[in-house]
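Open the model in your viewer and keep the selection tool at hand. The stops below say what to pick and what is there.

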Amino acid sequence: MSEELSHSSLITARRFFDSVTGSTKENQAILVEGGRIRAVGPWEQVRKESPPNAECYDLGDTCVAPGLIDSHTHLSLAGDGRVYAEMFTDTDEMMVLTGAMNMKRHLDAGITTIREHGARNKVGFALKEGLARGYIPGPRMHVSGRPITCTGGHFHFCNEVADGEHEIRRSVRRLVHEGADYIKIMASGGGTVGTIPGAATYTTEELHAAVHEAHYFHRLTAAHCRAKDSMVRAVEAGVDLMEHAEFLEQDGEMHFDPKIAEMMAESGIWVSPTLQTWTKYPRIVALRNLQESDITDAEVEELGQLEARAKVRLDIMRKLLEYGIQERVVPGTDSGVNNIAFGHLDYDLRLLVEVGFTPAEALVSATRISAEAMGIEAEIGTIEPGKIADLVAFRGDPSSDVSACSEVAAIFQAGERIA
Ligand SMILES: [Zn+2]
């Protein structure tokens with residue numbers, strides 16, 4: 001991605017999405033210079049500022065928005081339905097290739113920035129380096145390197161096991177040294193065999209050691225928290241972003257807890273509910289797309305079961321939103337795990353709409369708010385002068401119809417049109 005392009009371009013389209021206000025504007029233009037937005041405003045006005053040699057892109061009946069941000073991906077995993085134990089029989093080399101494929105898929109869906117949320121050994125770092133060298137196309141990325149986990153903990157096979165405050169601080173130092181942009185820590189069990197999703201894995205003190213050390217190096221923290229107890233401890237420890245937030249108890253059941261919701265709201269912790277992965281949404285979409293004449297009785301039953309199961313999770317999210325945390329919610333796909341193939345942040349946006357966001361609010365969460373949660377709001381997330389010109393154009397109007405987020409018409413990275 002060459003950010004320092006010297007040439008200018010002028011981009012026009014029927015609508016622009018303003019992720020500051022969550023509204024669309026008509027007859028606008030963007031002037032891009034050196035990869036950054038130089039001016040944005042009414043077409044007539046911006047055109048006057050534009051140099052005569054500027055390259056012109058008239059995107060017609062589309063809506064231009066800031067490039068989408070996915071705050072939760074696992075690039076090294078294929079999202080092809082295999083269980084972790086099977087996926088992790090792949091070599092690191094194969095995982096790098098899987099990552100290259102996934103980066104392209106996400107980019108083609110208008111996702112221009114991601115967080116790589118944990119891979120084995122140096123795989124995450126290698127992908128970021130490959131991108132920086134221009135060897136492979138992909139979204140701008142922040143990498144965690146390897147997730148910090150306890151002995152036998154979720155994703156222990158990524159090889160960053162740490163127990164106790166001392167070892168955790170050591171892990172943070174090692175990851176920062178290797179190039180981690182932020183720190184990911186597993187605060188509860190998960191889908192890894194032998195772990196308990198409903199049980200916390202670290203004490204508040206251990207989590208705080210990670211946060212304290214990470215913040216010393218100006219790195220943000222994200223904690224995998226499926227268990228209720230882990231949610232409490234993450235808030236107490238001052239973790240920046242909570243992943244999943246499922247209110248799980250050790251018996252595997254989800255029970256919403258108003259006290260924890262209050263704590264979360266009060267602390268201002270960012271929350272990434274990863275709704276797509278929990279609800280197995282890609283399968284729901286595939287079944288819903290079957291024609292009535294093609295769908296079998298078994299598939300009708302499967303769809304009913306999946307929808308009933310999804311409702312439990314979505315209801316928990318609806319309750320959490322009653323605590324005024326909407327401006328702290330960031331969508332994340334958790335792509336790579338289970339059957340979650342890359343390329344579908346749009347599914348999470350649809351699910352946010354199902355739990356009460358307007359389509360415009362969902363788009364704001366995937367752009368401006370996600371940039372804020374990653375600490376890169378000065379660079380991306382809105383269409384404003386000075387920002388990097390990472391843009392996506394959708395057919396239709398995604399601010400009134402969330403399904404338009406699945407209809408990508410054009411993509412720009414640092415002002416350069418790539419699709
Ligand atoms: Zn994940």
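Select Gly 268. This glycine follows helix α8 and has a positive phi, near 75°. The model is predicted.

**Helix α8**

Step back to α8 itself, residues 258-267. Start at the beginning of the helix. There, a side-chain oxygen of Asp 257 comes within 2.9 Å of the backbone nitrogen of Lys 259.

Now colour α8 by burial. Which residues of α8 are buried? Pick Ile 260, Ala 261 and Met 264. They lie on the same side of α8, because the arc they cover around the axis is only 100°. As a reminder, an α-helix has 3.6 residues a turn, so residues three or four places apart point the same way.

Turn to the face of α8 that points away from the buried side. Lys 259 and Glu 266 are there, and they are exposed.

Next, show what covers the buried residues of α8. The cover includes helices α7 (228-237) and α11 (297-321). It also includes strands β11 (241-248) and β12 (270-272).

**Across to α7**

Select Val 232, in helix α7. Is Val 232 buried or partly exposed? Its relative accessible area is 21%, so it falls just outside the buried class, which ends under 20%, and counts as partly exposed. Leave aside the neighbours within four places in sequence, and Val 232 is in contact with Ile 260 and Met 263. Ile 260 is one of the buried residues of α8.

Add Leu 77 for a distance check. Val 232 and Leu 77 are 155 residues apart in sequence, and their C-alpha atoms are 29 Å apart.

Stay with α7 and bring in Thr 204. This threonine sits in helix α6, residues 204-216. Thr 204 is buried, at 18% relative accessible area. Beyond residues up to four places away in sequence, Thr 204 touches Arg 233, Glu 236 and Ala 237.

**A positive phi in β11**

Go to strand β11 and select Phe 247. What is the sign of phi at Phe 247? Phi is positive here, about 55°, although the residue is not a glycine. Most residues other than glycine have a negative phi. Check the surface too: Phe 247 is buried, with 0% relative accessibility.

**The zinc site**

Select the zinc ion. Which protein atoms are its donors? They are NE2 of His 72, NE2 of His 74 and OD of Asp 334, at 1.9 to 2.3 Å from the ion. Along the chain, the donors follow the spacing H-x1-H-x259-D.

Take the donors in turn:

- His 72 is buried, at 1% relative accessibility.
- His 74 is buried too, with a relative accessible area of 2%.
- Asp 334 has a relative accessible area of 7%, so this donor also counts as buried.

Stay on Asp 334. The residue lies in the loop between α11 and α12 (345-354). Its phi is near 60°, a positive value in a residue other than glycine.

**Thr 149 and its surroundings**

Move to the loop between β8 (140-143) and α5 (164-178), and select Thr 149. Is Thr 149 buried or exposed? It is buried, with a relative accessible area of 0%.

Show its contacts, leaving aside neighbours within four places in sequence. They include His 154, Phe 155, His 156, Glu 160, Val 161 and Ala 162. Met 186 and Tyr 202 are also in contact with Thr 149. Now zoom in on His 154. The side chain of Thr 149 reaches the backbone oxygen of His 154 at 2.9 Å.

Measure across to Tyr 202. Thr 149 and Tyr 202 are 8.6 Å apart, C-alpha to C-alpha, with a sequence separation of 53 residues.

**The two domains**

Zoom out and colour by domain. The assignment gives domain 1 as 8-67 + 381-417, and domain 2 as 68-343. Their contact takes 11 residues from domain 1 and 11 residues from domain 2. The domain centres, taken over C-alpha atoms, are 31 Å apart.

How much area is buried between domain 1 and domain 2? The value is about 780 Å², and carbon and sulfur atoms give 57% of it. For a last selection, pick Gly 67, Ile 411 and Gln 413. These three supply 51% of the area that domain 1 buries against domain 2, more than any other three residues.

Conventions
Residues are numbered from 1 along each chain as its sequence is written. This is a predicted model: local features need pLDDT of at least 70, side-chain atom pairs count only at pLDDT 80 or more; totals for chains, interfaces and linings use all residues. Side-chain values use heavy atoms; hydrogens and water are left out. Donors are N, O and S atoms within 2.8 Å of the metal (3.2 Å for Na, K and Ca); water is not among the atoms, so sites may look incomplete. Buried means under 20% relative accessible area, exposed over 50%, partly exposed in between (1.4 Å probe, protein chains only). Helices (H or I, at least four residues) and strands (E, at least two) are DSSP runs, numbered from the N terminus. The arc is that of the directions from the helix axis to the C-beta atoms. Contact means heavy atoms within 4.5 Å. A polar contact is a pair of N or O atoms within 3.5 Å; within protein, one must be able to donate a hydrogen and the other to accept it, and residues adjacent in sequence count only if both atoms are side-chain atoms. Domain bounds come from an automatic or database domain assignment. Buried area is the accessible area (1.4 Å probe) that two parts lose on being put together, summed over both.
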